[in-house]
Amino acid sequence: MFTGIVDAVGRLDAVTLNNGVELRVKASYHGVKKGESIALNGACLTVERVLKGGFTVHAVATTLGRTLIGEWRKGRSVNLERALRAGDRFGGHFVQGHIDGVGTVEGVAEVDDAMLVDIRVPPEVAETTLLHGAITVDGVSLTVNALAEGGIVQVSLVPFTRAHTTLGKLASGDRVHVEADVLGKYVRQLCRSTQ
């Protein structure tokens, strides 16, 4: 379980095809343990090896089928978050680290001190997203600023988020991981099961 509050931006030192994809991540973390969960751009992955100044994770075929990880290359920056521990502050929203799909940035606009980003999301994400609710974009917990027809979700990035995550560099045409609010997914499933 995560909160969508990114606590580091790492860099991919190596990307190796090895019955899936192995990623060697350079990160500023201390005390990483083999077997712990770390979200990379919102995708929950398990640490396989701990290295000086980083760690490795492995993305299996199932993960590659629903994320952009198979397209990642050495040198890429990624948003990182370590799993929530009991007693930690809970600053974002409930994030599972299970990517629901890939969204496409349709537009980016600067409005006063905010950066407004319009993202076309898959239908299963759009149907559980509500105005002023939560959505996770590349691992970052964000509030839905506006909704438009055609599955467009608008988020507003504050200066801190732009400076401390990879989202400040988003441009039209970029693709991002999206995870719908887990509460919306449970409500949708409950409603379907009572029909």
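Let's start at one spot: valine 102 has histidine 177, in strand β12, as its bridge partner. What you're looking at is a predicted model, where local features need pLDDT of at least 70, side-chain atom pairs count only at pLDDT 80 or more, and totals for chains, interfaces and linings use all residues. Residues are numbered from 1 along each chain as its sequence is written, and side-chain values use heavy atoms, with hydrogens and water left out.

A quick word on vocabulary. Strands are DSSP runs of E with at least two residues, numbered from the N terminus, and two of them pair if DSSP finds at least two bridges between them. Strands of a sheet pair through backbone hydrogen bonds, either parallel or antiparallel.

Back to β12, then. Strand β7 (residues 101-111) pairs with β12 in the antiparallel sense, over 4 bridges. β12 also has strand β9 (residues 134-137) as an antiparallel partner, through 3 bridges, and here isoleucine 135 stands opposite alanine 180. How much of β12 (residues 175-180) is covered? Mostly covered is the verdict, with 5 of its 6 residues buried. Buried means under 20% relative accessible area, exposed means over 50%, and partly exposed is anything in between, using a 1.4 Å probe and protein chains only.

Now follow the strands around. They make a closed barrel of 6, running β7-β8-β11-β10-β9-β12 with antiparallel pairing. From one strand to the next, the twist averages 45 degrees, with axes being lines fitted to C-alpha atoms and angles running from 0 to 180 degrees between N-to-C directions. Within this barrel, strand β8 (residues 114-120) and strand β11 (residues 152-157) run antiparallel and are joined by 6 bridges. One pairing to look for there is isoleucine 119 with valine 153 in β11. Over in strand β7 you'll find valine 111, which counts as partly exposed at 39% relative accessibility. Its C-alpha atom is separated by 9.3 Å from that of serine 156, and the two residues are 45 apart along the chain.

There is another barrel to visit. Here 6 strands close up in the order β1-β2-β5-β4-β3-β6, and again the pairing is antiparallel. Neighbouring strands of this sheet are turned by 45 degrees against each other on average, direction ignored. β1 and β2 pair in the antiparallel sense over 6 bridges, and valine 15 stands opposite leucine 23 in β2.

What about the inside? The largest nonpolar core has 22 residues, and those with the most contacts inside it are Leu23, Tyr29, Ile38, Leu40, Phe55, Trp72 and Leu80. At least two of this core's residues come from each of β1 (8-17), β2 (21-26), β3 (37-40), β4 (43-51), β5 (54-59) and β6 (77-82). Apart from it lies another core, of 20 residues, including Ile135, Val140, Val155 and Val176. A nonpolar core, by the way, is a set of buried Ala, Val, Leu, Ile, Met, Phe, Trp, Tyr and Cys residues joined through side-chain atoms within 4.5 Å. For a feel of the packing, click on leucine 40: leaving out residues up to four places away in sequence, the residues it touches include Leu23, Phe55, Trp72, Leu80 and His177, where contact means heavy atoms within 4.5 Å.

Two asparagines are worth a stop. Most residues other than glycine have a negative phi, and most peptide bonds are trans. Asparagine 19 has a positive phi, near 50 degrees, and asparagine 41 has a phi near 50 degrees too. Which of them is buried, and which is exposed? Asparagine 19, in the loop between β1 and β2, is exposed with a relative accessible area of 76%. Asparagine 41, in the loop between β3 and β4, counts as buried at 1% relative accessibility.

Finally, the charges. The structure holds 6 salt bridges, each a side-chain nitrogen of Lys or Arg within 4 Å of a carboxyl oxygen of Asp or Glu. One of them joins arginine 49 and glutamate 22 (3.3 Å, N to O). Arginine 49 lies in strand β4 and glutamate 22 in strand β2, so the pair ties together parts 27 residues apart in sequence. Arginine 49 is partly exposed at 41%, while glutamate 22 is buried at 17%.
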